[in-house]
Amino acid sequence: GLERPIVVGVLIGEVAREALITTAGAQVGDRVLLVNGIPIEATALIAHERADELRAKGYDEAFITRARGYLHDPGISVVAAARLAAGHPGVHAMHDPTEGGLATGLHELAYAAGTGLRLEAARVPVLPEGARLCADYGLDPLGAIASGALIVSVAAEEAEGLCARYAEAGIPCAYIADLTPREEGLVLVEGGVEKPLPRFDADEITKVF
């Protein structure tokens, strides 16, 4: 059913084996940090593709401009954030959530590492423009395309130090979850209630487009 060409690119790099950090390296007991917040790309996409619709809904130009600007501020690159984490002790895994949002990225991290996970919804930094757009369009921010965010799994005793390094660099960082034994499953704690962490095989942004 494709009506246009699709170009696929592959980037290959080299790293010393002892310096390699993979998604599968996360360990039970690690703290999970979220760098930059969510949903960066979803916010920019809606603002770019539905600008006239937003104006009709009463959104002002300043809001639309800010939301569009998410592509560059905070931006969808995680290179600087990943480099900082790579140089910090106790970092066991990194993962950049994209399609399916943060929740699906956490599923991927736990699956790769063979662990469970406990996410505290109240700790997740949802950026203000993204929160408003998701509420207006009936989207769950946890499942909206999250390019620009970085998930870092780090030893509990090193988590505070890494957050401090991010703060010094002017990069937002939040401790959002813990890795648990696999048999405990993937849990979302919201309003004091525990429930299974949702997985979004169809990104929430598809409800808009």
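**Crossing helices, buried spots and bent bonds**

User: Helix α4 passes helix α7 in a right-handed crossing, and at what angle do the two pack?

Analyst: Quick heads-up: this is a predicted model, where local features need pLDDT of at least 70, side-chain atom pairs count only at pLDDT 80 or more, and totals for chains, interfaces and linings use all residues. Residues are numbered from 1 along each chain as its sequence is written, and side-chain values use heavy atoms, leaving out hydrogens and water. A crossing is right-handed if the near helix is turned clockwise from the far one by less than a right angle, and left-handed if anticlockwise. With their axes 10 Å apart (lines fitted to C-alpha atoms, for helices over the stretch in contact, with angles from 0 to 180 degrees between N-to-C directions), α4 (residues 79-86) and α7 (residues 156-168) pack at about 140°.

User: So how are α4 and α7 placed relative to each other?

Analyst: Angles under 35 degrees count as roughly parallel, over 145 as roughly antiparallel, 65 to 115 as roughly perpendicular, and the rest as oblique. The angle here is about 140°. α4 and α7 are therefore oblique.

User: How many nonpolar residues does the contact of α4 with α7 have?

Analyst: On the α4 side, Ala81, Leu84 and Ala85 make the contact (heavy atoms within 4.5 Å), and they meet Leu162, Arg165 and Tyr166 of α7. Ala, Val, Leu, Ile, Met, Phe, Trp, Tyr, Cys and Pro count as nonpolar, Asp, Glu, Lys and Arg as charged, and the others, Gly among them, as polar. That gives no polar residues, 1 charged, and a nonpolar count of 5.

User: What is the handedness of the crossing where α1 passes α3?

Analyst: Helices are DSSP runs of H or I, at least four residues, strands are runs of E, at least two, and both are numbered from the N terminus. Helix α1 (residues 40-49) packs against helix α3 (residues 61-68) at about 130°, with axes 7 Å apart. These two are therefore oblique to each other. Their crossing is left-handed.

User: Which residues of α3 does α1 meet?

Analyst: α1 brings Thr43, Ala44, Ala47 and His48 to the meeting. Its partners in α3 are Ile64, Ala67 and Arg68.

User: Is Thr180 buried or exposed?

Analyst: Thr180 lies in strand β5 (residues 173-180). Buried means under 20% relative accessible area, exposed over 50%, and partly exposed in between (1.4 Å probe, protein chains only). With a relative accessible area of 12%, Thr180 is buried.

User: Which residue's backbone nitrogen does the side chain of Thr180 reach?

Analyst: Leaving aside neighbours within four places in sequence, Thr180 is in contact with several residues, including Val28, Thr115 and Gly185. Its side chain also reaches a backbone nitrogen at 3.1 Å, and that nitrogen belongs to Leu117.

User: Which side chain is joined to that of Arg199 by a polar contact?

Analyst: Arg199 sits in the segment after β7 (193-196), and at 44% relative accessibility it counts as partly exposed. Not counting neighbours within four places in sequence, it is in contact with Thr104 and His107. A polar contact is a pair of N or O atoms within 3.5 Å; within protein, one must be able to donate a hydrogen and the other to accept it, and residues adjacent in sequence count only if both atoms are side-chain atoms. For Arg199, such a contact of 2.8 Å runs to the side chain of Asp201.

User: What is omega for the cis peptide bond that joins Asp73 and Pro74?

Analyst: Most peptide bonds are trans. A cis bond runs from Ile38 to Pro39, with omega near -15°, and Pro39 is in the loop between β1 and α1. Pro74 lies in the loop between α3 and α4. For the cis bond joining Asp73 and Pro74, omega is about 10°.

User: What value is phi of Asn36 near?

Analyst: Asn36 is in the loop between β1 and α1, and it counts as buried at 10% relative accessibility. Most residues other than glycine have a negative phi. Asn36 isn't glycine, yet its phi is positive, near 90°.

User: How far apart are the C-alpha atoms of Ala135 and Ile205?

Analyst: Ala135 is in helix α6 (residues 128-137), and it is exposed, with a relative accessible area of 61%. Ala135 and Ile205 are 70 residues apart along the chain, and their C-alpha atoms are separated by 12 Å.
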